[in-house]
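User: I should like to understand the terms used for this structure and the grounds on which each is applied. Could you set the values against the definitions?

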Amino acid sequence: MSVVVKIQDPTGTEIGSFEAEDEKNLCEMAAMHGIEILKSCGAWFCGVCMCEVLEGWEAVDVNKTGNAGISTWDPKNPDHVLWCVWGIKSEMFNDEKEHVVVLKKMY
Ligand code: FES
């Protein structure tokens with residue numbers, strides 16, 4: 001039905017929230033709502049956009065808008081998300097539930 005994304009800064013203070021859209025990555029959606037995200041490569045290489053998933057990991061799509069061959073994402077820390085290519089799973093917009101994803105910026 002809907003997915004609300006809440007964003008925290010590195011200290012854990014909530015700095016904004018928005019209703020997610022399908023077919024957009026988290027970096028695009030945050031920027032549309034005035035939430036500053038560090039971004040450099042935009043292609044899953046550098047890791048400056050990384051954040052931690054505090055809630056709602058099941059709603060995150062790791063291949064939403066890109067799938068680069070080399071990644072700084074550490075599979076030993078699977079709760080770390082790269083904003084620039086990851087988004088929300090399409091099926092989350094088609095069920096009857098309200099979903100919440102809470103993300104904490106790393107930088
Ligand atoms: S901006 Fe470089 S990995 Fe996201």
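Analyst: The following exchange takes the terms one by one.

This is a predicted model, in which local features need pLDDT of at least 70 and side-chain atom pairs count only at pLDDT 80 or more, while totals for chains, interfaces and linings use all residues. Residues are numbered from 1 along each chain as its sequence is written.

User: What makes up the secondary structure of the chain, and what pattern does the chain follow along the sequence?

Analyst: Helices (H or I, at least four residues) and strands (E, at least two) are DSSP runs, numbered from the N terminus. By that rule the chain has one helix and seven strands, and they follow one another as β-β-α-β-β-β-β-β.

User: How do you know that β1 and β7 pair, and in which sense?

Analyst: Two strands pair if DSSP finds at least two bridges between them. Strand β1 (residues 2-8) and strand β7 (residues 98-105) are joined by seven bridges in the parallel sense, so the definition is met. Within this pairing, V5 lies opposite V101 in β7.

User: What makes the pairing of the five-strand sheet mixed?

Analyst: The open sheet runs in the order β2-β1-β7-β3-β5. Strands of a sheet pair through backbone hydrogen bonds, either parallel or antiparallel. Here β1 and β7 are parallel, whereas the following pairs are antiparallel:
- β1 and β2, over five bridges, with Q8 opposite E14 in β2.
- β3 (residues 50-55) and β7, over four bridges, with E52 opposite K104 and E55 bridged to V102.
- β3 and β5, over three bridges, with M50 opposite L82 in β5.

User: Why do β2 and β5 stand at the edges of this sheet?

Analyst: β2 (14-19) and β5 each have a single partner strand, so one side of each is left without a neighbour in the sheet.

User: Why is W44 called buried?

Analyst: A residue is buried if 20 or more other C-beta atoms lie within 10 Å of its own, exposed if 12 or fewer, and partly exposed in between, with C-beta atoms placed from the backbone. W44 has 22 other C-beta atoms within 10 Å and is therefore buried. W44 is found in the loop between α1 (26-32) and β3. The C-alpha atoms of W44 and L82 are 6.7 Å apart in space, with the two positions 38 residues apart in sequence numbering. Of the 107 residues of the chain, 26% count as buried.

User: What makes a set of residues a nonpolar core, and which members of the largest one touch the most others?

Analyst: A nonpolar core is a set of buried Ala, Val, Leu, Ile, Met, Phe, Trp, Tyr and Cys residues joined through C-beta atoms within 7 Å. The largest one has 24 residues, of which L26, V81, L82 and W83 touch the most other members. β1, α1, β3, β5 (80-82) and β7 each supply at least two residues of this core, and the largest share, four residues, comes from α1.

User: Which residues are in contact with V81, leaving aside its neighbours within four places in sequence?

Analyst: Two residues are in contact if their C-beta atoms, placed from the backbone, lie within 7 Å. With those neighbours left aside, V81 is in contact with L26, M50, C51, V53, V60, W86 and L103. Across the chain, among contacts between residues at least 6 apart in sequence, 66% join residues at least 24 apart.
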